[in-house]
Amino acid sequence: MTPAATRAGSLLGAPVLREPGHAPVVHLVRGGVIEGVHHGSVVVLGADGEVRFRLGDAEAAFYPRSALKPLQAVAMLRAGLPLDGDLLSLAAASHSGEERHLDGTRRILDLAGLAEAELRNTPDMPYDPVVRDNWVREGRGPSRLAQNCSGKHAAMLWTAKLNGWSLDDYLDPAHPLQRAVAETVEDLTGQRIAHVTVDGCGAPLFAVSLHGLARALARITTAAPGTPEARVADAMREHAEMASGVRRDVAALMRAVPGLLAKDGFEGVQVAALPDGRAVAVKIADGADRARVPVAAAALAHAGIDPALLTEFAGASLLGGGRPVGAVRTVPALDLAS
């Protein structure tokens, strides 16, 4: 099926539930010897929606985890959520638990006339280690507000209230809100959902393909101004730290590459897209962030991004005796020169 047919509303079938055929994507090279290998999958789409590069298995069903949040935010805007700017970015965030994030979530709840106690996300400590250490020193425990999905949950509650839907069960997959989210996920990915489970925060989690996830973010970044998709893209790009945090690599990536929209997800997921529709999606099999970032950078180079803009994301050094003796390197198959 062509990209045009997918955009017109015809859906591909659900991706197959199988063990993904991941391939080596990163070598840990210490003293010139490959000490370890991370496996994963990568797909790169051109501006025309066609696959320009792939490695591993981009078509098996997988869980995008928090990389689905931009799609969830689009669904809420389509259902009438009146957010833009920093608060819309927070609604699509896996935030670090900084004060700006907690205050923003409170602002969404206040605008909705709701209370923190009505949130149903799983209580947790702040995600950012520096913020979390300060939190512990202050004697504070797990909190629904501090949990990295609190902005999304506050927005979900407000969306439900605006539509006259029940609030206590807003996380039930059969709830009208979650049915609307599922419809949007299928619309933007261009394929049927393969399976539904529960994400770490308690919200429904939908299995799609890595290819479908890349296609969805391209749909978001190429949408006409003023549409729900464009509003989400604008908010996240303009308020990258609200969608993540001041020390987060995903915010740094958006700052480094003009026009880029990027979202990470637990278990080694990364998706990114440009305004012309070029898009990449990455899944690291063992969930390692040290592999996710350099693989995403290599994928963006395949999408046509100037590698000079991606230097800081190319891979961390491996230390021996406190000095660099190796590095985290993408495999030759991901090398643009190759």
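The following legends describe close-up views of a predicted model.

**View 1. Helix H2 packs against helix H9.** Helix H2 spans residues 69-78 and helix H9 spans residues 228-238. Their axes lie 9 Å apart, and the angle between the two helices is about 130°. Angles from 65 to 115 degrees count as roughly perpendicular and those over 145 as roughly antiparallel, so H2 is classed as oblique to H9. The crossing of this pair is right-handed. On the H2 side, the contact is formed by Pro70, Ala73, Val74, Leu77 and Arg78. On the H9 side, the residues are Pro228, Glu229, Arg231, Val232 and Met236. Seven residues of this contact are nonpolar and three are charged, while no polar residue takes part.

**View 2. Helix H2 runs alongside helix H6 and is roughly parallel to H6.** Helix H6 covers residues 150-162. The axes of H2 and H6 come within 10 Å and cross at roughly 20°. Angles under 35 degrees count as roughly parallel, which means that H2 and H6 fall into this class. H2 passes H6 in a left-handed crossing. Helix H2 contributes Lys69, Gln72 and Met76 to the contact, and helix H6 contributes Lys152, Ala155, Met156 and Thr159. By class, three residues of the contact are nonpolar, two are polar and two are charged.

**View 3. Helix H2 crosses helix H7.** Helix H7 comprises residues 176-189. The axes of H2 and H7 come within 8 Å, with a crossing angle of roughly 120°. This crossing is right-handed. From H2, the residues in contact are Leu71, Gln72, Val74, Ala75, Met76 and Arg78. They meet Leu177, Ala180, Val181, Thr184, Val185, Asp187, Leu188 and Thr189 of H7. The contact consists of nine nonpolar, three polar and two charged residues. Some H2 residues recur in other views: Gln72 and Met76 also belong to the contact with H6, and Val74 and Arg78 also belong to the contact with H9.

**View 4. The largest pocket holds about 220 Å³ of space.** The lining includes Pro294, Ala297, Ala298 and Ala301. Also among the lining residues are Pro307, Leu310, Thr311 and Ala314. Thr330, Leu334, Asp335 and Leu336 are further residues of this lining. Helix H11 gives the most to the lining, with four residues. In terms of class, nine of the lining residues are nonpolar, two are polar and one is charged.

**View 5. The second largest cavity has a volume of about 50 Å³.** The model contains two cavities of 30 Å³ or more. The second largest cavity is lined by Asp249, Val250, Leu253, Gln270, Arg292, Val293, Ala296, Ala297, Leu300 and Phe313. Helix H10 (249-256) and helix H11 (289-302) are the elements that each give two or more residues to this lining. The largest share, five residues, comes from H11. Seven of the lining residues are nonpolar, one is polar and two are charged. Ala297 lines this cavity and also appears in the lining of the largest pocket.

Key: Residues are numbered from 1 along each chain as its sequence is written. This is a predicted model: local features need pLDDT of at least 70, side-chain atom pairs count only at pLDDT 80 or more; totals for chains, interfaces and linings use all residues. Side-chain values use heavy atoms; hydrogens and water are left out. On a 1 Å grid over the protein atoms alone, a cavity is a set of points where a 1.4 Å probe fits but cannot get out, and a pocket is an open set with protein on both sides within 12 Å along at least five of seven lines; lining residues have an atom within 4 Å of a point. Grid points are joined across faces, edges and corners, and a volume is the space filled by probe spheres set on the points. Ala, Val, Leu, Ile, Met, Phe, Trp, Tyr, Cys and Pro count as nonpolar, Asp, Glu, Lys and Arg as charged, and the others, Gly among them, as polar. Axes are lines fitted to C-alpha atoms, for helices over the stretch in contact, and angles run from 0 to 180 degrees between N-to-C directions. A crossing is left-handed if the near helix is turned anticlockwise from the far one by less than a right angle, and right-handed if clockwise. Contact means heavy atoms within 4.5 Å.
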